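Let's take a walk through this protein, from the overall layout down to single residues. Have the model open and follow along.

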Amino acid sequence: MQYLYHIDAKNELLTLSGDEHRYIFKVRRHRIGEIIALRNLVDEYIYEYKITYIDKKQAILELQDAYELTIKAKRYLHIGWCMIDSKNIEKMLPTLNEIGVAKITFIYCNRSQKSFKLDFKRLDKILLNSSQQCGRSHMMQLDTMQSLTEFIAKYPQTKMLNFSKDNFIGSSEFDTIVVGCEGGFSDRERKLFKDTISFDTSLILRSESAVVSLASKVLL
């Protein structure tokens, strides 16, 4: 763990209880007198606290130091991801967060199953745990839109990740790109895009594989 998230990190005194208390003292086994790092995920600071008191239900921390430390990818990447099974999204989200994706907008495309629904509270918890482990200063942003038409209207410079024989990833600059769901894009959806980006492969990738491969090639 690179830091512990606490909404009030930066205050002179903090009280830890509940899950935070259990994780720090029963899982991580910290003791009185030790220094732990906290972030509030609002500013770019690491706040170092000394553990001054512990009992079975709570602990008290005292601020010792604070310093600015920005941890993020070298470039910005916003992925529009056509909705797939939410269980598969949850599995891939920590990896995408660790790679450094700035934002994902989930889109109900023509071939998305409309029954797939996202629990954003659950996704935020997954991202929070991932961010504490990988150290990034701010969690990935999440959004949702009801159609690809709506998404492109808001982000007109969006590119489409699709299979072609040229214009491979790395040959052009972009910060927003859409990845299709299982079955890809419909003919009508393809006509919405001005530009297509592709992988230099003849293999067929699942949506999850394509998203992670895209993020890795662009950000790492």
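What share of the contacts in the protein with a separation of 6 or more comes from residues 24 or more positions apart? The share is 70%, where contact means heavy atoms within 4.5 Å. Before going further, bear in mind that this is a predicted model, in which local features need pLDDT of at least 70 and side-chain atom pairs count only at pLDDT 80 or more, while totals for chains, interfaces and linings use all residues. Residues are numbered from 1 along each chain as its sequence is written, and side-chain values use heavy atoms, with hydrogens and water left out.

Now the overall layout. The protein has 6 helices and 11 strands; these are DSSP runs numbered from the N terminus, with helices being H or I of at least four residues and strands being E of at least two. Measure along the principal axes and the C-alpha trace spans about 65 × 35 × 30 Å. Of the 220 residues, 45% count as buried. Buried here means under 20% relative accessible area, exposed means over 50%, and partly exposed is in between, using a 1.4 Å probe and protein chains only.

Start with helix 6, residues 207–219. Its 13 residues reach 18 Å from first C-alpha to last, close to the 18 Å expected at 1.5 Å a residue; the expected span is 1.5 Å times one less than the number of residues. Plenty of this helix is tucked away: S207, E208, A210, V211, V212, L214, A215, V218 and L219 are buried. A bit of helix geometry helps when you look at such a list: an α-helix has 3.6 residues a turn, so residues three or four places apart point the same way. What do the buried residues of helix 6 pack against? Their partners are strand 6 (78–82), helix 2, strand 9 (159–161) and strand 10 (176–179).

Helix 2 deserves a closer look. L96 sits in this helix and counts as buried because its relative accessibility is 0%. Leaving aside neighbours within four places in sequence, L96 is in contact with W81, V101, I104, R136, M140, V211, V212 and A215. Three of those names should ring a bell, as V211, V212 and A215 were among the buried residues of helix 6. E90 lies in helix 2 too, and at 17% relative accessibility E90 is also classed as buried. Not counting residues up to four places away in sequence, E90 touches R122, L123 and I126.

Helix 2 (residues 86–99) also gives the most to the lining of the largest pocket, with 3 residues. How do you find a pocket at all? Rolling a probe the size of a water molecule over the atoms shows where empty space is left. On a 1 Å grid over the protein atoms alone, a pocket is an open set of points where a 1.4 Å probe fits, with protein on both sides within 12 Å along at least five of seven lines, and lining residues have an atom within 4 Å of a point. The largest pocket holds about 320 Å³ of space. Its lining has 19 residues, with I71, K72, A73, G100 and R136 nearest the centre. R136 is one of the contacts of L96 as well. By type, the lining divides into 8 nonpolar, 5 polar and 6 charged residues.

Next, the aromatic rings. Rings of Phe, Tyr and Trp (its six-membered ring) pair if their centres lie within 6.5 Å, with planes under 30 degrees apart counted as stacked, over 60 as edge-to-face and the rest as tilted. The count comes to 4 aromatic pairs. F151 and Y155 make a tilted pair, because their ring centres are 4.9 Å apart and their planes at 45°; both residues are buried. F185 and F193 go edge-to-face instead, at 5.7 Å centre to centre and 65° between the planes. F185 is buried at 1% relative accessibility, and F193 is buried at 10%.

Finish in the loops. N40 is in the loop between strand 3 (35–39) and strand 4 (45–54), and at 6% relative accessibility N40 is buried. Its contacts, leaving aside neighbours within four places in sequence, are Y5, H6, I7, A9, K10 and Y47. K10 sits in the loop between strand 1 (4–5) and strand 2 (13–17) and is exposed, at 53%. Phi of K10 is near 120°, a positive value in a residue other than glycine. L41, in the loop between strand 3 and strand 4, has a positive phi too, near 60°, but L41 is buried, with a relative accessible area of 14%.

Technical notes
Points joined across faces, edges and corners; volume = space filled by probe spheres on them. Nonpolar A, V, L, I, M, F, W, Y, C, P; charged D, E, K, R; others polar.
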